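Biologist: Please choose one part of this model and take me through it closely. I am in my first year, so explain each term as you use it.

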Amino acid sequence: MSQKKEFDWFDHDKNRKLLWKLLWGTCALTVVAEVFVHVHPHFSFDGFLGFSALLGFASCSVLILLAKLLGLVLKVGEDYYDR
Amino acid sequence: MIANLYIPPAFILILGALLVPLIPGKAKNIFIIALPALAFWLISQLPHGELLGVHFFGHDLSLLRVDKLSKIFGYVFTLNATAVFIYAFYLKDSQQHMSALGYIGGALGVVFAGDLITLYFYWEWMAVCSTFLILARRTPKAYGAGFRYVMLHLFGGLVLLAGIVMHIHGTGSIGFEAFTERTLASYLILAGILVNAAAPPFHAWLSDAYPEATVTGGLILSAYTTKTSVYTLIRGYAGYEILIVVGCVMALYGIIYALLENDMRRILAYSIINQVGFMVCGVGIGTAMSLNGAAAHAFCHIIYKSLLWMSAGSVLYMTGKSKCTELGGLYKTMPLTMIFGTIGALAISSMPFTSGYTSKPLIIEAAVNQHLVWPWLILEIASAGVFLHAGIKFPYFVFFNVDRGLRPGEPHKTMLWSMGFMAFLCIFLGCYPAPLYAILPFEMEPHVAYTLSGVLKQFQLLMLSALAFFVFLKLLKRTDTIAIDTDIIWRKGGRWFYLCADKGLNFVNSVFNELLHKGASTALARYFSEGPLRLTLAVLPADDAKRAQISRYFRAGISPIGLSVAVAALYLFGFIILTLP
């Protein structure tokens with residue numbers, strides 16, 4: 001009797017590569033779409049094409065790097081308070 | 001007279017809790033689900049006004065003040081409680097259920113309290129009841145966390161009490177209204193509230209205690225304490241500019257720590273701080289739109305945050321594990337839990353067509369309307385960061401990432417139903433926010449949730465945040481660690497104090513011992529015992545036998561009177577010579 005095959009779509013490299021392409025594609029699409037959609041800026045500095053995209057990528061990159069740096073100081077073993 | 005017949009919703013849950021141990025089997029769980037559902041219905045029937053007053057020690061307490069602000073919080077508290085108790089249908093532990101009902105009842109008590117004394121009573125009642133939800137896990141870590149939790153809350157409660165007493169003394173009124181006069185009393189009350197709102201540096205009780213609670217305990221705790229504080233802030237502290245700063249700090253602080261954490265429930269705990277930061281900022285901005293935004297965001301937040309805790313709780317319940325380093329690949333055997341959890345994760349990230357997108361932009365738009373550039377920018381950055389730590393990190397490391405060989409299967413059906421219901425609400429309120437906007441407490445211009453421009457900007461922000469996550473994935477690799485937070489002050493503080501006292505005071509003690517006890521007193525003793533002998537021997541030369549005899553006399557203290565007088569005279573003479581000008 002054969003067992004039902006497990007759903008493991010996300011484990012395959014081929015599919016992961018496809019997801020990567022989809023991610024890049026969607027990111028590009030959201031920026032390109034701005035050419036065709038009039039985006040209302042809130043202030044004087046946020047009116048250029050792809051401002052939100054830049055803000056998203058830059059701020060997340062900085063947050064990740066900041067967390068990594070702080071981790072060097074703040075991360076301790078799980079038994080830190082039991083010692 | 002009819003007004004006196006209204007029952008405060010808190011009574012239903014608190015009195016109902018007393019009956020819980022008497023009801024057997026599944027009827028107990030059905031009864032527990034029915035209580036908040038009944039309270040929800042009751043709230044919907046209550047007219048606005050002060051509906052129940054009690055005279056107490058010379059004060060007129062207002063136990064049931066109903067208006068749109070108390071109602072919106074009452075609705076979401078009872079709605080969430082109903083869903084949570086459906087989720088907890090499997091649980092037979094009466095103690096946990098009683099604590100939970102008492103705790104939620106306390107939260108309702110605060111929300112409908114019309115005076116500061118009633119508010120304070122329910123405030124402390126919540127602290128006590130919620131502690132039992134942490135202790136119920138019955139592990140040494142939970143006992144420690146529960147102890148620290150209650151101590152911090154009692155501290156916050158005392159600050160609150162001090163403020164309330166000063167306020168009543170100063171104004172002569174116990175009514176809980178907006179604190180328009182900015183006095184020491186109002187700031188003390190604010191500080192007490194901010195402890196419960198988990199504002200740094202007194203926030204670490206949250207990330208310390210919630211992850212140590214039971215599966216359902218953590219879920220229940222995540223909704224009430226901080227949101228009760230948000231309610232109190234909206235009513236009392238609208239427009240206090242300091243709250244804009246506090247809110248922005250909370251929003252960023254939560255993200256950084258959530259990125260550092262390994263335990264999925266600690267990640268979610270820190271994301272509460274981040275989300276409450278948005279609400280606190282909204283209160284600080286203080287316009288009708290921002291206050292509505294804070295209330296709406298609290299409403300939506302309770303639902304999607306519960307969904308996230310339910311999803312994490314299901315994983316913990318089925319696998320017994322909660323660390324990202326031990327989890328992964330669960331999408332294979334927990335697909336429904338994964339889908340529901342992901343919907344919660346998208347909602348917290350304000351993805352368009354989920355509830356977060358119809359509530360959070362109210363706060364951000366209010367910041368724009370008030371030309372608050374920096375707060376706006378920080379809230380936008382924090383919005384991107386939410387997607388990073390809660391929107392992607394939580395589902396990615398728990399359900400995807402590396403297959404760790406775990407094959408747990410889905411949790412109980414009631415847990416799935418409950419998660420399904422909350423996921424439905426997240427999408428429903430995201431696609432059709434009109435019912436939520438209709439119950440917002442303050443009058444404002446109609447808010448258009450969906451514009452093409454807004455949706456596109458939000459997609460840009462979120463998709464590029466997702467890209468940053470995967471580009472820097474190696475930097476986000478999980479490790480078996482915890483991150484030091486401000487709770488180190490009260491967790492290690494005692495030991496540091498002991499160490500300082502031990503090393504510092506004992507050092508001073510030993511120095512004085514050497515100098516005074518061993519040094520000065522010994523020298524003095526030698527001087528007084530040996531001095532006269534040496535002086536005598538120096539002045540009265542004699543043969544060795546005589547010298548030995550005199551030495552024996554002096555050491556035994558039996559020197560002849562004549563000799564003693566001579567020595568004394570010699571001392572006196574020496575003293576006069578030395579002191580002559």
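Modeller: What follows is a close look at the largest nonpolar core, and then at some helices of chain B.

This is a predicted model, in which local features need pLDDT of at least 70 and side-chain atom pairs count only at pLDDT 80 or more, while totals for chains, interfaces and linings use all residues. Residues are numbered from 1 along each chain as its sequence is written, and chains are lettered from A and ligands numbered from 1 in the order in which they are written.

Chain B is divided into domain 1 (1-225), domain 2 (238-473) and domain 3 (491-579); such bounds come from an automatic or database domain assignment. Between the centres of domain 1 and domain 3 of chain B, taken over C-alpha atoms, there are 71 Å.

A nonpolar core is a set of buried Ala, Val, Leu, Ile, Met, Phe, Trp, Tyr and Cys residues joined through C-beta atoms within 7 Å. A residue is buried if 20 or more other C-beta atoms lie within 10 Å of its own, exposed if 12 or fewer, and partly exposed in between, with C-beta atoms placed from the backbone. The largest such core holds 209 residues, and Val280(B) and Leu307(B) have the most contacts inside it. Helix α12 (residues 288-319) of chain B gives the most to this core, 19 residues. Domain 1 and domain 2 of chain B each supply at least three residues to this core. Helices (H or I, at least four residues) and strands (E, at least two) are DSSP runs, numbered from the N terminus.

Two residues are in contact if their C-beta atoms, placed from the backbone, lie within 7 Å. Leaving aside neighbours within four places in sequence, Leu307(B) has contacts that include Phe340(B), Ile343(B), Met419(B) and Cys426(B).

Gly313(B) also sits in helix α12 of chain B. Gly313(B) counts as buried because it has 29 C-beta neighbours inside 10 Å. Not counting residues up to four places away in sequence, Gly313(B) touches Val215(B), Thr216(B), Gly218(B) and Leu219(B). Its C-alpha atom is 9.6 Å from that of Pro411(B), 98 residues apart along the chain.

Helix α15 (residues 373-399) of chain B is mostly covered, with 23 of its 27 residues buried. The expected span of a helix is 1.5 Å times one less than its number of residues. For α15(B) this gives 39 Å, and the end C-alpha atoms are 38 Å apart, so the two agree. After α15(B) comes Asn401(B), with a positive phi near 45 degrees.
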